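Grab a coffee and work through a few short exercises on this protein. Each one has a task, followed by a solution in steps.

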Amino acid sequence: MSTHELPAVPDTAGLVRLPDVDEVSTDVPAASPVGRLAATVERLRREVRAAQAEAEGRALIELAKGILVERLGCGPAQAARQLAELTEQAQTTPLEFAVDVINQAARDRVSEVTEAFLSVAANPPETVEESAAVRLRAAESGVLAAHDAQAMADSLLEHALRPLGAVAVAIWAVGSDGSLSLAGSAGFPAGEAARWRYVPPDVVTVARRGLTEPDGQWLPSLAGSGLPTLGRREYGDGARIALPAGAGGRIHGVLEIAWPKPEGPLPRPVVRQVEALAELCAHSLESIAPPPGAGQEPRMLPDVVELMDLADGLHDPALVLVPHLDGSGELVDFRIQHVNGRFLDPAGRPRAVVNGALLLEAYPMTAGASELFQRVERVYATGEPFRARRMRLTALVDEVPLSAVADISISRHGSSMLLIWRIEDETARLASLLQHAQRLGRIGGFEENLLTGEITWNGQLFHLYGRPATSPPVALEELTAYAHPDDAVSIGRFLRTLLHHHRPASAAFRLQRPDGVTRHMRVVAEPVLDTEGQLFGVRGAYQDISAQHWTEVALAATRDQLAHTEQQADERNRLALQLQHAIMPPTQAPLKVPDLQVAVRYRPAETEQLVGGDWYDTVVLPSGLVLLCVGDVAGHGIEAATSMVVLRNALRGLAVTGAGPAQLLSWLNIVAHHLTGAVTATAVCGLYDGERRTLRWARAGHLPPVLVRESEATALPTLKGLLLGALPEAVYQETEVQLAAGDTLLMYTDGLIERRDRSVEESLSHLLETARSAPATLDQKLDRLLTYSRSDTDDDTCIVGIRVG
């Protein structure tokens, strides 16, 4: 603070002077921790003195404005502009110029007041305005000297308002939420003032009208207004005036004046003086604070007081915070206005140290990792409450080790904040966790002093033994008497290891409880030795492992049953594989048919458990025709293999009748549906006529054959045909293909081309591309198809190929 910014103080002559620099600042060395602490205390003291000096300086400037209002006969706004212009012309600071104006006015104050008094005493005043001006100017001095709003109200009523006929005055402070609180009053009964100490935001009163109306509210009489107000029972329908108390564009409160009976309009000069007093009240409301070390609390808004009462009634630790603003009105911190009786400082400091301190000074690290200060700021800005469970508060106090977990609740109430933190007792929490773990694990602990015979059990161990908590505990040496006789050997071995060899030991035994229930238990214990290595105690735990025991018994039975089931499955798979290999050899002896080569390939599934129902057949019928067929029974295992045998043999027998492929599949569908347990299968069946070189064929849900002619490979047209066994009766379509010398015809099952990641069309295209190659023999072609197959389903595969000579 520069010399020009220092506040003025009254001298012994009653005038005003500026203090010396030495009266404000003092340097404090900070070479040691004690010095740093002293420097902090001195800094805070200087800030308090600077704040007081600033408030006093503003009061002096407002007094100078009031003098100009009276001298120039203008309003407060015009007086402020006039003071600024005169200050600029004098090339000095506003405070210095205000001091000069006050000193100049003070020099003739005594003579002016004396002349006015003699004039009023000798003759009645010619006008009310002249006497009111003198009294109101005297009231200004009283207001400036007042140390709180109550003294300010007393001065206004005594010096200025009572001679005007007014009987009471009230000074209201405006809260941030629009509420009104009675900061000071004079002329009203004490009980009435206490009853009106707080007015909620939305209640319309005379003071509220004075706050909302641009020029205040003048009521010549309260009769017919319907407005409640302070002192109406005492003063009835008397006149009221309520003016906003504002300064610097901000309304700080309302000045309300009461008359005992209706009055006419106030003269304009008196109204101007009352407006000046209202403005002066605004500056005083803003700056009034208790002097340092005075030991008295600043006057707080009612909502803060109510919140403090609420915090004292809570069962959780709570802090009441109020915003702390800097000189420009910016929020920089929160003051801890109050802590309740259940609050415990995380650093172990007394509550008196925390109470009244700034939040960031008391807990510097709240702005750090925990982000607690940022949470408080957000709630203050938005009004939205914040709650968090088990929030970790890390090192709230610098250089004090702290790692606590707390449930946090932050809420805004009017202009103040309520911060609740319930710091979890880590030791109690761990003890609670241990108790729950013992209960869930069915574990009970014990400790035994072998020298004194004292035995300590926890409650869970009494429950495991089925004994009341008032019964004596059982010593380890008596354990055999409570166990099953067959477990005596293992318990004896456990006791020898523990008590004789002084080594930790464990044992499993069957506990026979007094209620007749037998429980499977495990005891674990360790020896406790003194400094000389002598045994003087043991400690350990019992655990009820009955559930584990019976689970192991059930698992053993399940393993036995599973092994038996696996043995049966292996046997079934072995039989199915033998049956499949007996009927479907990988290759078949060539048929002796003129001008026709026939070759077959069968590749079983790679996994024995996937023994499937793929089948093929090539046989020369009595009519001279050659039966060519492949099929695939749904499913795997012995059922699929036996169903495949039924369908293959049935088709052979039906083919002797001389019927065509469509009729053969229709009959085979009846066999599949009625005679094999409703099995389903796919098949393609063909009859080759060697004399005409034609192939008549039909399909039942199967992939069509592939014709390879010269260097081209194409799939035969897809004929209509439902898979076998789906319906009791089905009709199948057949067609005839004319073959030429050198043509190759391929019939196959889906195990040759099926893939999990490709469509059937894509897989069929790859088969056609592979089939276009021209190996020397038919056997080589079939082997090539099996070698370059991209199938990934591990299913078995059948291929039947014929080549016309």
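**Exercise 1. A salt bridge with two different settings**

Task: Is Arg 510 buried, partly exposed or exposed, and which side chain does it meet in a salt bridge?

Solution. Keep in mind that this is a predicted model.
- Start with the accessibility: Arg 510 has a relative accessible area of 24%. Buried means under 20% and exposed over 50%, so Arg 510 is partly exposed.
- Now find the partner. The side chain of Arg 510 forms a salt bridge with that of Asp 487, at 3.1 Å from N to O.
- Then place the two: Arg 510 sits in strand β16 (residues 505–512), while Asp 487 is in the loop between α16 and α17, so to speak a link between distant parts of the chain, 23 residues apart.
- Finally, check the partner's accessibility: Asp 487 comes out at 9%, so this one is buried.

**Exercise 2. A bridge between two loops**

Task: Work out which parts of the chain are tied together by Arg 756 and Asp 792.

Solution.
- The contact itself is a salt bridge between the two side chains, 4.0 Å from N to O.
- Arg 756 belongs to the loop between β27 and α21, and Asp 792 to the loop between α22 and β28, so the bridge ties together parts 36 residues apart in sequence.
- On accessibility, Arg 756 is exposed at 62%, and Asp 792 is partly exposed at 22%.
- The story doesn't stop at the pair: shared partners join Arg 755, Arg 756, Asp 757 and Asp 792 into one salt-bridge network.
- For the wider count, the structure holds 21 salt bridges.

**Exercise 3. Into the core**

Task: Which element gives the most residues to the largest nonpolar core?

Solution.
- The largest nonpolar core has 29 residues, and Trp 615, Leu 647 and Leu 665 have the most contacts inside it.
- Elements giving two or more residues are β21, α19, α20, β22 and β23.
- The winner is α19, with seven residues.
- Another core, of 25 residues, lies apart from it and includes Ala 362 and Ile 408.

**Exercise 4. One loop, two features**

Task: What does Pro 728 contact beyond its neighbours within four places in sequence?

Solution.
- Pro 728 is in the loop between β25 and β26, and is partly exposed at 40%.
- Its contacts are Asn 669, Ile 670, His 673 and His 674.
- Pro 728 and Asn 669 are 59 residues apart in sequence, but 7.3 Å apart C-alpha to C-alpha.
- Leu 722 lies in the loop between β25 and β26 too. With Leu 723 and Leu 727, Leu 722 makes a nonpolar surface patch of about 230 Å².

How values were computed:
Residues are numbered from 1 along each chain as its sequence is written. This is a predicted model: local features need pLDDT of at least 70, side-chain atom pairs count only at pLDDT 80 or more; totals for chains, interfaces and linings use all residues. Side-chain values use heavy atoms; hydrogens and water are left out. A nonpolar core is a set of buried Ala, Val, Leu, Ile, Met, Phe, Trp, Tyr and Cys residues joined through side-chain atoms within 4.5 Å. Buried means under 20% relative accessible area, exposed over 50%, partly exposed in between (1.4 Å probe, protein chains only). Helices (H or I, at least four residues) and strands (E, at least two) are DSSP runs, numbered from the N terminus. Patches are made of residues with over 30% relative accessible area and no salt bridge: like charges are joined within 9 Å, nonpolar side chains (Val, Leu, Ile, Met, Phe, Trp, Tyr) within 5 Å. Accessible areas come from the Shrake-Rupley method with a 1.4 Å probe; for residues, only the protein chains shown count as cover. Contact means heavy atoms within 4.5 Å.
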